[in-house]
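Visitor: I have the model open and some labels to test. Take me through the reasoning behind them.

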Amino acid sequence: DEVLVFAAASMQTALDEIAQEWHAETGHSATLAYGGSAKLAQQIAAGAPADLYISASTQWMDSLEAAGALAEGSRRDLLGNRLVLIASTPGPITPEALPDRLGTEHLAMGLVEAVPAGQYGKAALEHLGLWQTLAPRVAQTDNVRAALALVATGEAPFGIVYATDAAAELRVHVAAEFPSDSHPPIVYPVARMRDAPNADAADAFLAFLGSAQASGIFTAQGFTVIAAP
Amino acid sequence: MTGLTPEEATALTLSLRVAGVAVLVSLPVGLAVAMVLARGRWPGLWLLNALVHLPLILPPVVTGYFLLLAFGRKGPVGAFLEQAFGLVFAFRWTGAALAAAVMGFPLMVRAMRLAIEAVDPKLEEAASTLGASRLAVFRSVTLPLILPGVIAGAVLAFAKAMGEFGATITFVSNIPGQTQTLPSAIYTALQVPGGDTTAGRLALISVIVAVSAVLLSEFIARRVAARIRGA
Amino acid sequence: MTGLTPEEATALTLSLRVAGVAVLVSLPVGLAVAMVLARGRWPGLWLLNALVHLPLILPPVVTGYFLLLAFGRKGPVGAFLEQAFGLVFAFRWTGAALAAAVMGFPLMVRAMRLAIEAVDPKLEEAASTLGASRLAVFRSVTLPLILPGVIAGAVLAFAKAMGEFGATITFVSNIPGQTQTLPSAIYTALQVPGGDTTAGRLALISVIVAVSAVLLSEFIARRVAARIRGA
Amino acid sequence: MMLEVSLRHDFGGFALDAAFTAPAGVTALFGASGSGKTTVVNTVAGLMRPDAGRVVAQGEVLLDTTAGISLPPNRRRIGYVFQDARLFPHLDVRANLVFGARFAPRGASGPDFGRVVEMLGIGALLERRPGALSGGEKARVAIGRALLSKPRLLLMDEPLAALDAPRRAEILPFVERLRDAGLPILYVSHSVAEVARLADTLVVLGEGRILASGRAEDVLADPALAAQFGAQEAGALLRARVLGTDADGLTRLQTATGTVWVSQSAPAGSELRIRIHASDVILAREAPQGLSALNILPGTVEKIETDSGQRAWVQLRMGEEAILARLTQRSVSALGLAPGVACHAILKSVAVARDDLAQTHK
Amino acid sequence: MMLEVSLRHDFGGFALDAAFTAPAGVTALFGASGSGKTTVVNTVAGLMRPDAGRVVAQGEVLLDTTAGISLPPNRRRIGYVFQDARLFPHLDVRANLVFGARFAPRGASGPDFGRVVEMLGIGALLERRPGALSGGEKARVAIGRALLSKPRLLLMDEPLAALDAPRRAEILPFVERLRDAGLPILYVSHSVAEVARLADTLVVLGEGRILASGRAEDVLADPALAAQFGAQEAGALLRARVLGTDADGLTRLQTATGTVWVSQSAPAGSELRIRIHASDVILAREAPQGLSALNILPGTVEKIETDSGQRAWVQLRMGEEAILARLTQRSVSALGLAPGVACHAILKSVAVARDDLAQTHK
Ligand SMILES: Nc1ncnc2c1ncn2[C@@H]1O[C@H](COP(=O)(O)OP(=O)(O)OP(=O)(O)O)[C@@H](O)[C@H]1O
Ligand SMILES: Nc1ncnc2c1ncn2[C@@H]1O[C@H](COP(=O)(O)OP(=O)(O)OP(=O)(O)O)[C@@H](O)[C@H]1O
Ligand code: MOO
Ligand SMILES: [Mg+2]
Ligand SMILES: [Mg+2]
């Protein structure tokens, strides 16, 4: 059976690998449709035939849950992530030094109202009391990868992205990591859909996501695995 | 070039199918709308005109979202079409074709309309004095004369269909093998660190295919135009 | 409608400015390219033709990425323009205008080109026997005759500019007050649960503005066409 | 009655108000540039919808604005040779020619393709497109195209204006044959010679109004209209019967009031229509002496029209018929010409306008 | 030498190979439909680039394919009245008329706006667009437009074909005045009457080749070309001096070989060009008796041409000049006509073709 997984785009590398392992092991295959968490949730609400949904933020999972689209009891927090300050040149700097270092240049982030990484970043900057100063210098992109690209190409000297993204891009350097208490916890919830066409296989894949094999892959990508309850 | 993964090959053929069907199906509709807009004299025509331009004006995501709300399985139009004709757009390649057709529609209609407006009505009058009904005049005089415009419209729509992303991914998502068109595949590749080269390769394929189509049709259109000019 | 937040109002005026400048600046370039494509007989023309179609064929994100690589401050063209003319696109509304212009360019050129191809060369010949140089012929005969096509091209480009999102956000990102256009604001709203109504409201504003522009220009184009037909 | 036309239309700057009826045969529509001829013809064809009007062809109402009737052009079955040729640029000459054939009703009659092509001398052009034709070639193809649609009525708007005299001389008999085969023709022309040769009925338009309408002979002999036809061209038509050809090659004709010699030869007994330019007529009160061989016809002055210059046009009645003479006003008073005065017309030249009167349907 | 033209071009299906020179004055280009007239004119204007060719106007090389010279049309300063009017649809009549004026060099001379408008009778149309003009109105505006560009050479491709006789009679003297003011004109026409009236030089084209080229009088009197001009139209020109007007209103003219009467009046002493239709000429070996008042001129047969029908064209030399007569071949043999034979021409009709010879530049 084929499991259709709607997953946040930032999980692509890890999930592709895990799906391959799963296929090798069980003969089942998982089709992975990646996109923005918001878009995927809206599509599921509109009747998309997804079996599983892995979101990059809790809010869209919450809204699906509120709409009764989730299979009872299937939701759990799968992964965590860390938020880092990246720079186009090597060398550590503290977030507090950002206003000076930026000058007239820009800080690349995901859309601070819409993209999860942007929302967390804004919270962190607010927590550090930097948001007011930095807000006009923030260049927001529609996904984290675009923010990463701005720093990688040197258009923006600094950016705020997930540690997983920073690790994958060789042209950027991690300048600092935001304290985990400076923003709401970064969690990736997963759930099976109530109308899942392939509920059994979906449950199997869901279980596989919690396996040691999967955890290894996630960790290698820089995610923190949240232990199953 | 040859290093096309099976999924990528699937995405390419899907894109071609989607773009081809989108253009073929919307062609007659576009032609009819273009005729009405060019020749009609009803007071309410501005509304149709505005409607045709909508997909251009709205961000593609919004158009896609509208399509999702209207043509989704739970949407009013989608539910009706499924009940009445068993026609499903949601999360199928047909939906991608619908999205592509809608997004290309303003371009197609505009090109055809310009061509229709350039036709000398005196030639159509001459045909009618020779006994041709309005339909016959259209078929035997108007249509051949606007052929370059029709081709131009089809090419624009095809190119747009090959590149359309926002509305498609919003409407039918990005399901490999089912709704993942070339642009979606490119987008997906771009989301992966180091995916730039994959994305570039896919973009190149897309460009080669679409540009070939454009140039071929250009060539045809030139020949048609030369025939009309008469030599 | 009146419930436009200050940021939304800023986004609207910015969108209008971006679309307006994009159209005005690309108009002469588009006209020149359309002339060359319609009349030129060089062997290499297919390349220009393909190039013009590119923004249509490529997913907007890819176009935006290309723009970033070329016109960014570190990009070869961008660095040169900044050095030579102090012209900066990156993270500026000018960059949004550039993205909008590029994305609308194929539409603009196609409309103009169709109009140019419909001009009877005999009229241009007549003008030249009356002493008009090639430039004078263009200004006093060709241009007035293709005016409906030029307007159509400008309208298409303007509408596209009002709706363009993918290339813009990739190239100049989204800086409220500087590069946050209406589509970015709409996109943002759509990403927030329950943001549909805000997105709908903003989309409606965008539609009203752009449709008004379209209809106004249609009206002008009709009058021009009627004048040409002569009554 | 073959055709009945009345229309009123205001272009704003130019107003047309005309009504006429055309019996069978060729009806010529004559008038100065801008007098409204094309507008009338367009109305008959259904391409122009006047403010008010009525068109009846062979008993069928094609247009009646008061009754709200207006047949579309394609249901009128009226062939139209346009003033500008209006060939289809995307079709070659052959396809242009046969365009109308497939729309013609099954039983419709008309000349066949080969005949038309040969007559118009366009055989070598069949594979060409209109863009590669000369002005006159286009005009000929346009004639062929209208004919091959097998119309029940033919409108020709200055069809021969772009043609040279020898070509015209070849096509005119063809038009005559169409007429003789029963095809009614409404023929717009600027050429009095063409009108004199072809027309049974003549309608003269001037600034949107009908100045005259009736038998061609009567209208051409009207001195009040002479200025319309032009000082050189004005002249009347006379019917004549061929008596025989003399030894010197001149042909003797019998007219209503006397004998006339012409240089064209014609079989004895046939009926002709001869055209006498007003400028070729000299009037004398007394029969001139010593000019026995000349064409001299007695008649009675019926009407005299003077224009603002020094010209006078005198109509001389000769039984059923009449001729027209152009004089100076000084000569009119010197000769004491006035209606009712008998005098003699010396014809300096006489041309045969139509030589097949005996065979016509009339 | 005002204009020197030579060109060779193969359209594939039609080949043109023509060369002629045109001195000052009006050069008429005459030929059947499709003979290549418009192609020649287009080449002179620079709108057509022949396979090979050379055009020199007033000493300036406009085209020389071997030397790789080809001036663009706008630098040739050649006014062109097109066979189809080609008015600018987006401009009103006034703007069409003045279109060329701004491009004319400062010192260029030409008729002024008011004069042209009045002459062409288009004063009421100035605010209209071409779409609202009749065929003849368009033709007139096209003439005005070309003139007002102040060209140094004027090309007119059947400019009067769409006009009625009275209008034509008004415009022809205007063209003559342009010629007399020194504007060289290349004039394409199908009308022998127009050619006879206007042309100093006549070039006859046939199927892409020059059939004849020279003084209009000489070419029109060539029996070998008569068929080109049409049986009714062929005829020669004679120069004449006005002797005076007789009491009966006839004007007496002195030609090279005798006296001739015409009905038009003209001031004594002025020089005229008269046109004698070949069909109006009767030949006799002996001077006819009892016809004293008639126009009888003695001459010598120079050439005889027969056609495939029964027609013969006889050229009669009269000193410097010649006239043409149309006879049946039977008459030719009956009269024993042959080159060198003296005989008499009886002119049934004579028309004044040009009445201002005395004033012309020649
Ligand atoms: N659309 C229009 N608007 C205003 N006036 C018009 C329009 N169409 C025609 N006219 C005028 O109506 C008159 C009659 O035009 P029409 O074409 O019938 O003339 P015509 O007799 O055919 O002349 P010609 O012999 O020159 O072709 C002209 O004076 C013309 O200018
Ligand atoms: N583009 C072309 N291709 C092929 N043949 C052509 C082309 N243009 C003109 N011809 C042919 O060349 C010949 C000369 O054409 P042209 O227009 O010069 O004739 P014309 O003497 O002006 O005739 P008319 O009096 O009918 O206007 C014609 O037989 C025409 O069919
Ligand atoms: O304009 Mo788009 O962003 O084609 O999908
Ligand atoms: Mg007309
Ligand atoms: Mg010609």
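What follows is a short exchange on contacts, buried area, metal donors and accessibility.

Visitor: What kind of model is this?
Guide: It is a predicted model.

Visitor: Which chains share the most contacts?
Guide: Chains B and C do, of the 7 pairs of chains in contact. The contact takes 46 residues from chain B and 47 residues from chain C. Between them, the two chains bury about 4000 Å². Carbon and sulfur atoms account for 72% of that area.

Visitor: Which residues of chain B lose the most area to chain C?
Guide: Leu56(B), Ile57(B) and Leu114(B). Together they make up 15% of what that side buries.

Visitor: What makes Arg113(C) and Glu218(B) a salt bridge?
Guide: The cut-off is 4 Å, from a side-chain nitrogen of Lys or Arg to a carboxyl oxygen of Asp or Glu. Here the N to O distance is 2.5 Å. The pair therefore meets the rule. Across the interface of chain B and chain C, the rule finds 4 salt bridges. It also finds 11 residue pairs in polar contact there.

Visitor: Which element gives the largest share of the side of chain B that touches chain C?
Guide: That is α10(B), with 10 residues. By class, this side has 33 nonpolar, 6 polar and 7 charged residues.

Visitor: How many residues are in contact between chain B and chain A?
Guide: 22 residues of chain B are in contact with 23 residues of chain A. The buried area is about 1900 Å², and carbon and sulfur atoms give 57% of it. Phe91(B), Gln191(B) and Pro193(B) supply 29% of what chain B buries against chain A, more than any other three residues. The rule finds 0 salt bridges across this interface, but 7 residue pairs in polar contact. On the side of chain B that touches chain A, 13 residues are nonpolar, 6 polar and 3 charged.

Visitor: Why is Gln42(A) called buried?
Guide: Buried means under 20% relative accessible area. Gln42(A) has 10%, so the label holds. The residue lies in helix α2 (residues 37-45) of chain A. Beyond its neighbours within four places in sequence, Gln42(A) is in contact with Trp60(A), Tyr65(B), Leu68(B) and Leu190(C).

Visitor: How do you know that chain A and chain D are not in contact?
Guide: Contact means heavy atoms within 4.5 Å. The closest C-alpha atoms of chain A and chain D lie 50 Å apart, and no contact joins the two chains. For chain A and chain E, the closest C-alpha atoms lie 49 Å apart, again with no contact.

Visitor: What makes Thr38(E) and Gln83(E) donors of the magnesium ion (ligand 5)?
Guide: A donor must lie within 2.8 Å of this metal. OG1 of Thr38(E) and OE1 of Gln83(E) lie 1.9 to 2.2 Å from the ion, so both qualify. Thr38(E) is in helix α1 (residues 37-45) of chain E and Gln83(E) in the loop between β7 (78-81) and α2 (93-98), so the pair ties together parts that are 45 residues apart in sequence.

Visitor: Why do Thr38(E) and Gln83(E) count as partly exposed?
Guide: The class runs between 20% and 50% relative accessible area. Thr38(E) is at 25%, so it fits. Gln83(E) is at 27%, so it fits too.

Visitor: Which residues are the protein donors of the magnesium ion (ligand 4)?
Guide: Thr38(D) through OG1 and Gln83(D) through OE1, lying 1.9 to 2.2 Å from the ion. Thr38(D) is partly exposed at 26%. Gln83(D) is partly exposed at 27%.

Definitions and conventions:
Residues are numbered from 1 along each chain as its sequence is written. Chains are lettered from A and ligands numbered from 1 in the order in which they are written. This is a predicted model: local features need pLDDT of at least 70, side-chain atom pairs count only at pLDDT 80 or more; totals for chains, interfaces and linings use all residues. Side-chain values use heavy atoms; hydrogens and water are left out. Buried area is the accessible area (1.4 Å probe) that two parts lose on being put together, summed over both. A polar contact is a pair of N or O atoms within 3.5 Å; within protein, one must be able to donate a hydrogen and the other to accept it, and residues adjacent in sequence count only if both atoms are side-chain atoms. Helices (H or I, at least four residues) and strands (E, at least two) are DSSP runs, numbered from the N terminus. Ala, Val, Leu, Ile, Met, Phe, Trp, Tyr, Cys and Pro count as nonpolar, Asp, Glu, Lys and Arg as charged, and the others, Gly among them, as polar. Donors are N, O and S atoms within 2.8 Å of the metal (3.2 Å for Na, K and Ca); water is not among the atoms, so sites may look incomplete. Buried means under 20% relative accessible area, exposed over 50%, partly exposed in between (1.4 Å probe, protein chains only).
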